[in-house]
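Here are my notes after going through the coordinates. Have a look at the structure first, then see whether you read it the way I do.

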There are 2 protein chains.
Amino acid sequence: MLTKLKHVALAAALALPLGALAQNQDSLFIRKLYNIALTQGNSYEQLRYLTQNIGARLSGSPQAAAAVEWSRQEMEKMGLDRVYLQEVMVPHWVRGDKEYAAIVNSRITPAREVNVLALGGSVATPANGLTAEVVEVQGIDELKKLGKKKVQGKIVFFNRPFDQTHIVTGRAYGGAVDQRSSGPSEAGKLGAVGVVVRSMASNTDDFPHTGGLRYADDAPRIPAVAISTKGADLLSSLLKEDEKLRFHMRLNPQWLPDVLSYNVIGEIKGSEKPDEIIVVGGHLDSWDIGEGAHDDGTGVVQSMEVLRLLKQMGYKPKRTIRAVMFMNEENGLRGGTKYAEVAKQRGEKHIAAIESDAGGFTPRGFGITAPNEPTFQKLFAWKPLLAPYGLHDIERGGGGADIGPLKDDRVALIGFRPDSQRYFDIHHTANDTFDKVNKRELELGGASMAALVYLIDKYGL
Amino acid sequence: MLTKLKHVALAAALALPLGALAQNQDSLFIRKLYNIALTQGNSYEQLRYLTQNIGARLSGSPQAAAAVEWSRQEMEKMGLDRVYLQEVMVPHWVRGDKEYAAIVNSRITPAREVNVLALGGSVATPANGLTAEVVEVQGIDELKKLGKKKVQGKIVFFNRPFDQTHIVTGRAYGGAVDQRSSGPSEAGKLGAVGVVVRSMASNTDDFPHTGGLRYADDAPRIPAVAISTKGADLLSSLLKEDEKLRFHMRLNPQWLPDVLSYNVIGEIKGSEKPDEIIVVGGHLDSWDIGEGAHDDGTGVVQSMEVLRLLKQMGYKPKRTIRAVMFMNEENGLRGGTKYAEVAKQRGEKHIAAIESDAGGFTPRGFGITAPNEPTFQKLFAWKPLLAPYGLHDIERGGGGADIGPLKDDRVALIGFRPDSQRYFDIHHTANDTFDKVNKRELELGGASMAALVYLIDKYGL
């Protein structure tokens with residue numbers, strides 16, 4: 001607590017040199033940004049189009065191409081100084097049409113179908129599927145302790161649930177997700193024939209959550225699915241009754257050749273320091289189910305809204321402000337990687353990058369990875385200007401996957417932090433749809449990002 | 001801002017005398033409360049029963065009686081020191097089965113049906129309905145300026161929308177609701193024959209929002225309906241084309257004799273100061289549509305959960321802690337009034353009353369009406385203990401309708417403040433259903449209330 005109070009005092013001390021007049025101007029400017037966002041916002045209707053007219057848009061899909069062209073056109077309409085595409089080759093994985101899984105048990109006739117989704121990047125099963133006994137583990141450590149003898153020829157069932165005691169659900173996700181990302185290769189190394197992963201979810205329902213896996217170079221590639229949380233509970237309880245039960249899974253996903261795709265970039269040129277760049281972004285691609293609404297349609301439309309709001313305010317930025325719609329966050333991060341590569345080649349100086357990729361819920365703050373302490377303190381000094389909008393969690397730590405590759409000794413990487421409670425109920429599921437997004441919550445997020453961009457532009461970092 | 005910083009400093013100064021050890025104990029206790037709430041909570045399943053097995057429960061209805069008996073049994077199960085019913089006679093209004101409204105316009109054939117709900121307490125129309133020309137106003141002031149000549153014989157259409165620039169939506173509600181509560185009588189005084197009120201809503205959809213009206217003693221009682229926001233927009237735009245269009249409404253609600261009902265009260269007796277009472281409550285009744293989930297099933301189950309959590313922690317309170325399920329908040333406030341009357345008769349000393357009646361969304365803080373400045377400062381001093389749970393908005397102003405009548409020179413009236421963005425999308429509509437409640441958000445709210453009750457009990461007010 002004392003540490004926190006010290007920060008408040010320090011922040012106040014740093015805030016004072018701005019002068020009461022500047023603070024008052026800033027507070028009025030920010031108030032007006034929110035007013036426009038809440039009464040003349042454009043992002044909700046944009047999101048409706050992206051989610052309902054284009055829909056799910058995995059990298060390499062026709063829908064991803066449509067999302068590129070749509071966001072280019074949307075930014076063209078805004079009369080920005082420049083709108084352009086940045087080429088990037090993306091992986092192209094397709095789910096196939098044969099996804100099926102069932103619990104096979106002498107006491108259950110017929111086999112009991114369960115809801116699964118192939119993990120993104122999974123290889124296929126044999127055409128008729130594979131059926132094997134199941135070994136349930138709570139994580140990779142337990143798997144390793146079991147060793148080859150007990151794993152060989154089996155399907156490994158990773159069933160460690162979210163730790164619900166975390167107040168911010170992202171921490172529960174972080175504590176469980178290794179089962180999905182590394183589990184398949186760790187199981188493959190021990191001779192497993194397939195993997196079933198409990199969905200990375202805050203809630204209990206019938207919707208499986210997909211998400212990327214990472215096959216290690218030194219491990220056999222075995223097929224892997226996510227099972228819904230209800231399905232996982234069922235499988236676990238049936239295993240307690242009959243440890244010899246078998247699991248059947250059939251998948252026919254495919255890896256196709258890489259596809260040419262794009263990051264979509266719009267910018268307002270700075271009037272005084274055009275070489276200092278502030279990025280605000282989200283990712284255009286989504287998983288191939290649902291509508292990619294909270295992940296990350298909301299980040300895309302909020303980022304465009306930041307530029308639109310500043311233009312509507314008649315604000316002429318000193319620095320260059322860019323909205324970047326990154327491609328391929330979900331299964332490759334090629335867009336974020338490419339953007340940073342090109343920036344480096346061109347010697348561009350990014351002073352801040354803000355990413356919205358945690359859902360379009362009520363804003364709570366920003367998580368910051370700053371290059372040095374004075375930059376942290378400069379950002380913390382703006383807390384009193386942001387607090388009236390519920391932005392209290394302006395804290396150390398955070399950023400975003402797409403902006404991560406920009407990290408250097410100059411840039412502040414900043415993750416927009418919305419309320420986290422509902423995100424992992426729908427993340428990577430067929431349930432991530434437009435109707436889960438609240439218009440005001442979405443608009444408050446765009447305005448919050450615009451307010452921070454304004455302060456960074458006006459005062460530098 | 002300076003004022004705010006001064007409060008922080010003052011709060012810190014007041015917090016220090018507690019001592020670092022006590023603070024640490026409190027912080028551990030509160031952390032454990034949240035852990036239990038999030039992993040062994042009971043409130044979500046209780047809410048499922050209340051909303052789905054009992055459902056909507058307007059005062060005087062059989063469902064309201066069921067809710068009384070259910071909550072009594074739920075508290076009996078908890079092994080409290082005392083569970084009892086407090087008799088209260090409640091009004092009994094029923095909606096009837098003939099609710100219908102339509103826009104009648106020579107250019108629209110047949111008449112265009114629109115979604116309405118009678119306002120709670122409205123009188124009926126003639127059996128065949130009433131049809132009249134419409135005069136649209138933005139509020140009571142504009143209505144009064146029009147005067148009798150322009151209003152006589154017409155249906156008055158109050159169409160002032162929510163001011164969306166408020167960050168906390170309750171303020172927008174507060175700025176619009178006089179149209180619903182006082183509008184019918186003000187229109188009646190000027191000779192209007194009926195009233196249509198734009199729904200008190202943050203969003204735009206087809207669901208009308210009901211809610212209570214208050215007929216003045218000196219005004220003719222005319223029938224009144226809420227129209228959905230989409231219906232209001234339609235009516236307004238059609239009126240611009242044809243100011244002679246007519247509105248048809250047919251309602252057959254009835255006032256029946258008052259019914260005997262109850263506040264339901266459970267308490268843990270204080271071990272040191274049993275005569276000092278801390279109340280935590282919500283209201284059992286709801287409107288007669290939807291399921292009364294966020295209004296106020298969540299407040300009811302959170303209040304019971306506070307007692308259950310403290311018992312599960314093995315906490316023996318110094319003071320008496322009561323959960324009160326108030327009856328008849330929606331259309332009479334008889335339960336809250338009765339509770340305060342009885343408390344006064346018995347000379348009971350209430351030191352704090354916390355009400356949850358703003359939805360079961362993610363907790364943001366508490367709004368406080370304290371009897372004096374030291375009490376405010378004592379409550380503010382606990383901010384550092386509550387901030388880790390996102391409870392930043394611990395502010396002056398607030399309370400609750402049911403606890404309002406307890407106001408005296410001793411009691412702190414405290415309103416639980418959840419995130420407000422979604423509440424007025426569903427408030428008083430058929431859409432206020434169990435599926436709109438997120439389990440973790442609900443549980444975080446119960447834990448937040450329990451944490452505050454614990455601190456008040458331990459340190460007094």
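1. Let's begin with chain B, where eight strands make an open sheet with mixed pairing, in the order 1-10-12-11-13-16-14-15. Strand 1 (82-94) and strand 15 (393-396) of chain B sit at the edges; each has a single partner strand, so one side of each lacks a neighbour in the sheet. On average, and ignoring direction, neighbouring strands are turned by 20° against each other. Keep in mind throughout that this is a predicted model.

2. Inside that sheet, strand 11 (residues 273-283) and strand 12 (residues 319-326) of chain B run parallel and are joined by eight bridges. If you want a landmark for the register, Lys273(B) has Arg319(B) of strand 12 of chain B as its bridge partner.

3. Two helices to look at on the chain B sheet. Helix 12 (residues 373-380) of chain B packs on it and touches strand 14 (363-369), strand 15 and strand 16 (412-418) of chain B. The direction of helix 12 of chain B makes about 175° with that of strand 15 of chain B. Helix 15 (residues 439-459) of chain B also packs on the sheet, touching strand 11, strand 12, strand 13 (349-355), strand 14 and strand 16 of chain B. Its direction makes about 40° with that of strand 14 of chain B.

4. Helix 15 of chain B has a helical contact as well: helix 3 of chain B packs with it at an angle of about 110°, the axes being 9 Å apart. That makes the pair roughly perpendicular. Ser43(B), Tyr44(B) and Leu47(B) of helix 3 of chain B make the contact with Lys439(B), Leu442(B) and Glu443(B) of helix 15 of chain B. By class, the residues in this contact are three nonpolar, one polar and two charged.

5. Which residues does helix 3 of chain B use against helix 10 of chain B? First the geometry: helix 3 (residues 43-54) and helix 10 (residues 293-312) of chain B pack at about 135° with their axes 9 Å apart, which makes them oblique to each other. The crossing is right-handed. Helix 3 of chain B contributes Ser43(B), Gln46(B), Leu47(B), Leu50(B) and Thr51(B). From helix 10 of chain B come Ala293(B), Gly297(B), Thr298(B), Val300(B), Val301(B), Met304(B) and Glu305(B). Sorted by class, that contact has six nonpolar, five polar and one charged residues.

6. Over to chain A. Its eight-stranded open sheet has the order 1-10-12-11-13-16-14-15, with mixed pairing. The edges are strand 1 (82-94) and strand 15 (393-396) of chain A; each has a single partner strand, so one side of each is left without a neighbour in the sheet. The twist averages 20° from one strand to the next. At the strand 15 end, strand 14 (residues 363-369) and strand 15 of chain A run parallel, joined by four bridges, and Gly367(A) stands opposite Glu395(A).

7. Away from those strands, strand 9 (residues 246-250) of chain A is worth a click. Strand 2 (residues 100-105) of chain A runs antiparallel to strand 9 of chain A, with five bridges joining the two; Ala101(A) has Met249(A) as its bridge partner there. Strand 5 (residues 130-137) of chain A also pairs with strand 9 of chain A in the antiparallel sense, over four bridges. In that pairing, Ala132(A) is matched with Phe247(A).

8. Another helix pair, this time in chain A: the axes of helix 2 (residues 20-40) and helix 10 (residues 293-312) of chain A come within 10 Å and cross at roughly 115°. The two are therefore roughly perpendicular, and the crossing is right-handed. Phe29(A), Leu33(A), Ile36(A), Ala37(A) and Gln40(A) in helix 2 of chain A meet Arg308(A), Leu309(A), Leu310(A) and Gln312(A) in helix 10 of chain A. This contact has six nonpolar, two polar and one charged residues.

9. Finally, how are the two chains related? A turn of 180° and a shift of 0.0 Å along the axis lay chain B on chain A with an RMSD of 0.0 Å. The copies are thus related as by a two-fold rotation axis. His392(B) is the residue of chain B that comes closest to that axis, at 3.5 Å (C-alpha). As for the interface, 97% of the interface residues of chain B are also interface residues in chain A, so the copies meet through the same surface.

How values were computed
Residues numbered from 1 in each chain as written. Chains lettered and ligands numbered in written order. Predicted model: local features only at pLDDT ≥ 70, side-chain atom pairs only at ≥ 80, totals over all residues. Heavy atoms only, no water. Axes fitted to C-alpha atoms, helices over the stretch in contact; angles between N-to-C directions. Parallel < 35°, antiparallel > 145°, perpendicular 65-115°, else oblique. Left-handed = near helix turned anticlockwise from the far one by under 90°. Contact = heavy atoms within 4.5 Å. Nonpolar A, V, L, I, M, F, W, Y, C, P; charged D, E, K, R; others polar. Pairing = 2+ DSSP bridges. Least-squares fit on C-alpha atoms with pLDDT ≥ 70 in both.
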